[in-house]
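Student: I have a protein model open in front of me, and I would like to take a close look at one part of it. Could you walk me through how the helices pack, and then show me how that part fits into the rest?

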Amino acid sequence: MLMPRQKVPDLRLPTLDHGDFDLSSDGSERGTVVCFYRGLHCPLCATYLTELEKRTADFAERGVKTIAVSSDGEERTRAMAEKIGAATLRFGYDLSLAKAREFGLYISTSRGKTSIGIEEPALFSEPGLFLITPEQTLYYGSVQTMPFVRPHFSELVGAMDFAIANSYPARGEYSGAV
């Protein structure tokens, strides 16, 4: 599992319209929100990413960049970006499942077509949401086994305000004996 205040794995991916993404040199003042999503086949992901698109400016005001990432290829990723009307949210694609595992994401197998009639990939990662510091360490992380009940971006924006105002450190950093 990833540990707060510790370096997270490197993450380099192509993006739809923003060149290559490299987490180690993303250049944000306070960090990067990395939202791993299941893929085009997931209707809940579209709803969730629509909210992240709306909140991207709020994060930017706080010195935080955003990116949505999946193991979908470029064509399916572009379809998702178009579906949610993405104007500011970056989309990374071609996430390897090995890299997804490095981030602690759960992997699921296909169940065929989803409720919206889109075929699931043979294997894909389940959602994860991370706030990574400019030093590439974990500040906040949430990993899910299913597409349901995800963290709210409005709460993360509010948490950022508190953390900035109070120099609040990442928590959950203890890894010793209990």
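Tutor: Happy to! Let's begin where helix 1 and helix 2 pack at an angle of about 65°, with their axes 9 Å apart. Helix 1 passes helix 2 in a right-handed crossing. On the helix 1 side, the contact is made by Cys-45, Ala-46, Leu-49, Thr-50 and Glu-53. Helix 2 answers with Met-80, Lys-83 and Ile-84. Sorted by kind, the residues of this contact are five nonpolar, one polar and two charged. Please keep in mind throughout that this is a predicted model.

Helix 1 has another partner as well. Helix 1 spans residues 43-61 and helix 4 spans residues 153-166, and their axes come within 9 Å and cross at roughly 25°. With that angle, helix 1 is roughly parallel to helix 4, because angles under 35 degrees count as roughly parallel. Here too the crossing is right-handed, with helix 1 passing helix 4. If you would like to find the meeting place, look in helix 1 for Tyr-48, Glu-51, Leu-52, Arg-55, Asp-58 and Phe-59. They meet Phe-153, Ser-154, Leu-156, Val-157 and Met-160 in helix 4. The residues of this contact divide into seven nonpolar, one polar and three charged.

Now, which residues does Phe-91 touch? Phe-91 sits in strand 5, which covers residues 90-92. Leaving aside residues up to four places away in sequence, Phe-91 touches Leu-49 along with Met-80 and Ile-84, among others. You have met these names already: Leu-49 belongs to the helix 1 side of the contact with helix 2, and Met-80 and Ile-84 belong to the helix 2 side. The other residues that Phe-91 touches include Pro-14, Thr-15, Leu-16, Tyr-37, Ile-67, Ala-68, Thr-77, Ala-81 and Ala-86. Is Phe-91 buried or exposed? Its relative accessible area is 2%, so Phe-91 counts as buried, the cut-off being under 20%. For a sense of distance, compare the position of Phe-91 with that of Thr-145: the two are 54 residues apart in sequence and 22 Å apart in space, C-alpha to C-alpha.

From there, step to Ser-70, in the loop between strand 4 (64-69) and helix 2 (74-84). Ser-70 counts as buried, at 0% relative accessibility. Its contacts, again without residues up to four places away in sequence, are Tyr-37, Arg-38, Gly-39, Thr-77, Gly-92, Tyr-93, Asp-94 and Leu-95. Two of these names, Tyr-37 and Thr-77, also appear among the residues that Phe-91 touches.

Next, go towards the start of the chain. Pro-9 lies in the segment before strand 1 (12-14), and Pro-9 is buried, with a relative accessible area of 15%. Pro-9 touches Leu-2, Leu-23, Lys-99, Glu-102, Phe-103 and Gln-136, not counting residues up to four places away in sequence. Pro-9 and Gly-176 are 167 residues apart along the chain, and their C-alpha atoms are separated by 21 Å.

Two spots on either side of helix 4 deserve a look at their backbone. Most residues other than glycine have a negative phi. Val-149, in the loop between strand 9 (138-143) and helix 4, has a positive phi near 55°. Ser-167, in the segment after helix 4, also has a positive phi, of about 45°, although it is not a glycine. Are these two residues buried or exposed? Val-149 counts as exposed at 77% relative accessibility, and Ser-167 is exposed too, with a relative accessible area of 64%.

Finally, let's step back to the whole protein. Its secondary structure comes to four helices and nine strands, and from the N terminus on the elements run β-β-β-α-β-α-β-α-β-β-β-β-α. The radius of gyration is 16 Å, close to the 16 Å that the globule rule gives for 178 residues, so the protein is as compact as a globular protein of that length. Its C-alpha atoms fill a box of roughly 45 × 40 × 30 Å, taken along the principal axes. Buried residues make up 48% of the 178 residues. Among contacts between residues at least 6 apart in sequence, 68% join residues at least 24 apart.

Note on methods:
Residues numbered from 1 in each chain as written. Predicted model: local features only at pLDDT ≥ 70, side-chain atom pairs only at ≥ 80, totals over all residues. Heavy atoms only, no water. Axes fitted to C-alpha atoms, helices over the stretch in contact; angles between N-to-C directions. Parallel < 35°, antiparallel > 145°, perpendicular 65-115°, else oblique. Left-handed = near helix turned anticlockwise from the far one by under 90°. Contact = heavy atoms within 4.5 Å. Nonpolar A, V, L, I, M, F, W, Y, C, P; charged D, E, K, R; others polar. Rg over C-alpha atoms; globule rule 2.2 N^0.38 Å. Buried < 20%, exposed > 50% of the residue type's maximum accessible area, 1.4 Å probe, protein only.
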